[in-house]
Amino acid sequence: MHDALALGVAADPSLVVTAPKVRVDVELTGTHTRGMTVGDFRSWVPSDNANVTVVLEVEGQRFIDRWADVLSRA
């Protein structure tokens, strides 16, 4: 459901409940994390360093209801 949910949020951003702005980078040199996307969710990191809004929580039932409605019309 991840792709469908991303499309749903793009179509209706009001589905989002929790979406903090954080710093996210791709680790290029780490021994254990090379190639991984790493988000810094520490609360004491200055928000002016944030480069991404990460959706952590959505209104799941409302999304599923809308998605079922869209699929039933197809």
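Buried residues, defined as those under 20% relative accessible area (exposed being over 50% and partly exposed in between, with a 1.4 Å probe and protein chains only), make up 15% of the 74 residues in the protein chain. The model is a predicted one, in which local features need pLDDT of at least 70 and side-chain atom pairs count only at pLDDT 80 or more, whereas totals for chains, interfaces and linings use all residues. Residues are numbered from 1 along each chain as its sequence is written, and side-chain values use heavy atoms, with hydrogens and water left out.

The accessible surface of the protein chain, obtained by the Shrake-Rupley method with a 1.4 Å probe, for residues with only the protein chains shown as cover, comes to about 5,800 Å², and 57% of this belongs to carbon and sulfur atoms. With helices (H or I, at least four residues) and strands (E, at least two) taken as DSSP runs numbered from the N terminus, the secondary structure of the protein chain comprises two helices and five strands, and the elements run α-β-β-β-β-β-α from the N terminus on. The radius of gyration of the protein chain is 16 Å, well over the 11 Å that the globule rule gives for 74 residues, so the chain is more spread out than a compact globule; the radius is taken over C-alpha atoms, and the rule is 2.2 Å times the number of residues to the power 0.38. The C-alpha trace spans about 50 × 25 × 15 Å along its principal axes. Of the contacts (heavy atoms within 4.5 Å) between residues at least 6 apart in sequence, 65% join residues at least 24 apart.

Three strands form an open sheet in the order β3-β2-β4, with antiparallel pairing, where two strands are taken to pair if DSSP finds at least two bridges between them. Strands β3 (37–40) and β4 (52–53) stand at the edges, each with a single partner strand, so one side of each lacks a neighbour in the sheet. Strand β2 (residues 21–26) pairs with β3 in the antiparallel sense over four bridges, and Val26 stands opposite Thr37 in β3.

Salt bridges were assigned where a side-chain nitrogen of Lys or Arg lies within 4 Å of a carboxyl oxygen of Asp or Glu, and by this rule the count comes to six. One of them joins the side chains of Asp25 and Arg23 at 3.0 Å, N to O; Asp25 is partly exposed at 36% relative accessibility, and Arg23 is partly exposed at 29%. Arg42, partly exposed with a relative accessible area of 44%, forms a salt bridge with Asp40, the closest N and O atoms being 2.7 Å apart. A further salt bridge, at 2.4 Å from N to O, links Arg73 and Asp69. Arg73 is exposed at 65% relative accessibility, whereas Asp69 is partly exposed at 33%; both residues lie in helix α2 (residues 60–73), four residues apart, about one turn of the helix.

Salt bridges that share partners also join Asp12, Glu59, Arg62 and Arg66 into one network. Within this network, Asp12 lies in the loop between α1 (2–11) and β1 (16–18) and is buried, with a relative accessible area of 12%. Residues up to four places away in sequence not being counted, Asp12 touches Arg62 and Arg66. The Asp12 side chain also makes a polar contact with the side chain of Arg62 at 3.2 Å, a polar contact being a pair of N or O atoms within 3.5 Å of which, within protein, one must be able to donate a hydrogen and the other to accept it, residues adjacent in sequence counting only if both atoms are side-chain atoms.
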